[in-house]
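Colleague: I'm new to this one, so could you walk me through it? Let me see it before I start asking.

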Amino acid sequence: MPSYVFQFGPILIRSEELIHGAWLTIWFASVSMVLGLAIGILGAVARSFGPRWLSSLVAAYVELIRNTPLLIQLYFVFFTLPFLGLKLSSSAAAILALSIHLGAYATEIMRAGIQSIPSGQIEAAKSLGLKPYKIIRHIVLLQALRAIYPALCGQFILQLLGTSIISAIAAEELTAIANNMVMQTFRSFEVYIVVAIIYFILVQAFSLLFQGFSRFFFRWKT
Amino acid sequence: MFKARLRTVVAGCAALAMSALLLTAAPQKAAAETVDDIISRGKVIIAIDTTTPPYGMIDEEFQPAGFDIEFAKLIGAALGVPVEFVTVTSPGRIPALLTNRADMVVSIFSITAPRALQVNFSIPYAGQSAVVIAPKSSNIKSHADLVGKKVGLTRGTGEDGLLTEAAKANPGIEILRFDDYASLLQAMVSGQIDAMGGGDYGDIYLKKSSNGEDFEMKYILKTFYFGVGIRRGNPDILQWLNTFIFTLKQDGTLERLSQKYRNTPLPPLPVF
């Protein structure tokens, strides 16, 4: 068996670049999570309570995005939209594609949550004279969010890991920086080990954060 | 005294016999040291790489083709012997010579000083430049003109190193690294980047920019010169190769090959 001598030195010397890359990954993930969740909530509400045309429009959006790969969506936003007159930078294109991508999944997840609310609760709220906006906000959304929170967190984690492919449109993040390092040091084994550990730590940190959110927001007893 | 002598002689004979045995047992290796050796053996063994279009590739009939392959066939024709091709990858080029698997390496073998410690290079028979490419109308002549512009390149290529250095020296050059040449091309064609680092030939010159312009080479970053690699210490073969390349250069054959495969003239080929 050929022996391989690990040399982490040339990588650890450049840990500053890796930390910078990790920050970029966190940034792309966080911004797209916030935007994606916003799209998801609006989409699910429109799908469940909106007029028929809006509901079908959202359904078409969800199907379109969920049945095509993220990579193709990235290419489409970055390489094809300029021909239609919309030229976005690498980062902006990445954020747009990531948010639209997550938005479709979040819409479906939120819709499941909304469906889990017993219709009796909505009827009771109506008979109490609550305005539709208040019913959706206080009765439907909060409970729905709580019900689907674990599924949503899972999707968020996938989103965090999914940012690793945005280097395909020359956006800089952890994986792109790792690939630069591999090309310069030829220590691919070591670089990818270090980067895998960083991703692992990031996911753990995000999971902890999500747990903290859930303790804070969903304090009421069921 | 005499006994010691005898013992040495016997040991020497034994060693000779052993090595002779080993030599005959080993597969027949090409160890031509002169042009005459090659001719009397009746074939010249040339290492090529068929994964480096347009220099080395496989044609529709599954035969090796390309600039390097045609040039290698010319070598065989000039020596009056058939060419036997051995396929190598780029890290396998020097070992192919050192282990006697080939007489010559003709495979976009850039002439560099570290490589010259291990093999001898002929004078260059071809060359290729890493260049900056942009649409015709854009006024780019040097690194300074790239400041404030987006410059695309393929991660880990020669252009990457050269332009990354340039970006350090000229703050304001925005570098976008793509994972492959196809993405880089697409970014250039869609106008996502203002300029790109690439070769002096390639698909980019056949494309049009988003406003219908042709692309052209703006300036040269660095030129790589390709020589024929041979084992060190065979001055006869080296001298013949240099003479042969000189004649091909003079009669325009190399230029014709460049136009045929690269669609662009060769850079001036210096000699050493």
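Modeller: What follows is a short round of questions on folds, contacts and pockets.

Modeller: Two notes before we start: residues count from 1 along each chain as written, and chains are lettered from A in the order written. The model is predicted, with local features needing pLDDT of at least 70, side-chain atom pairs counting only at pLDDT 80 or more and totals for chains, interfaces and linings using all residues, while side-chain values rest on heavy atoms, without hydrogens or water.

Colleague: How many helices and strands does chain A have?
Modeller: Going along the sequence, chain A reads α-α-α-α-α-α-α-α-α. Helices here are DSSP runs (H or I, at least four residues) and strands are runs of E (at least two), numbered from the N terminus. So the count under that definition is nine helices and zero strands.

Colleague: What area is buried between chain B and chain A?
Modeller: Contact means heavy atoms within 4.5 Å, and 15 residues of chain B touch 18 of chain A that way. Buried area is the accessible area (1.4 Å probe) that two parts lose on being put together, summed over both. Carbon and sulfur atoms give 54% of it, and the total is about 1,400 Å².

Colleague: Which element gives the largest share of the lining of the largest pocket?
Modeller: A pocket, on a 1 Å grid over the protein atoms alone, is an open set of points where a 1.4 Å probe fits, with protein on both sides within 12 Å along at least five of seven lines; lining residues have an atom within 4 Å of a point. Both chains supply lining here, including helix 2 (15-49) of chain A and strand 7 (126-135) of chain B. The largest share, eight residues, comes from helix 6 of chain B.

Colleague: Where does the largest pocket lie with respect to the domains of chain B?
Modeller: Domain bounds come from an automatic or database assignment. Domain 1 (35-125 + 227-262) and domain 2 (129-223) of chain B both give residues to the lining, so the pocket lies between them.

Colleague: How many nonpolar residues line the second largest pocket?
Modeller: Its lining has 16 residues, with A:Leu37, A:Tyr149, A:Phe156, A:Phe210 and A:Phe213 nearest the centre. Ala, Val, Leu, Ile, Met, Phe, Trp, Tyr, Cys and Pro count as nonpolar, Asp, Glu, Lys and Arg as charged, and the others, Gly among them, as polar. One lining residue is polar and none is charged, which leaves the nonpolar count at 15.
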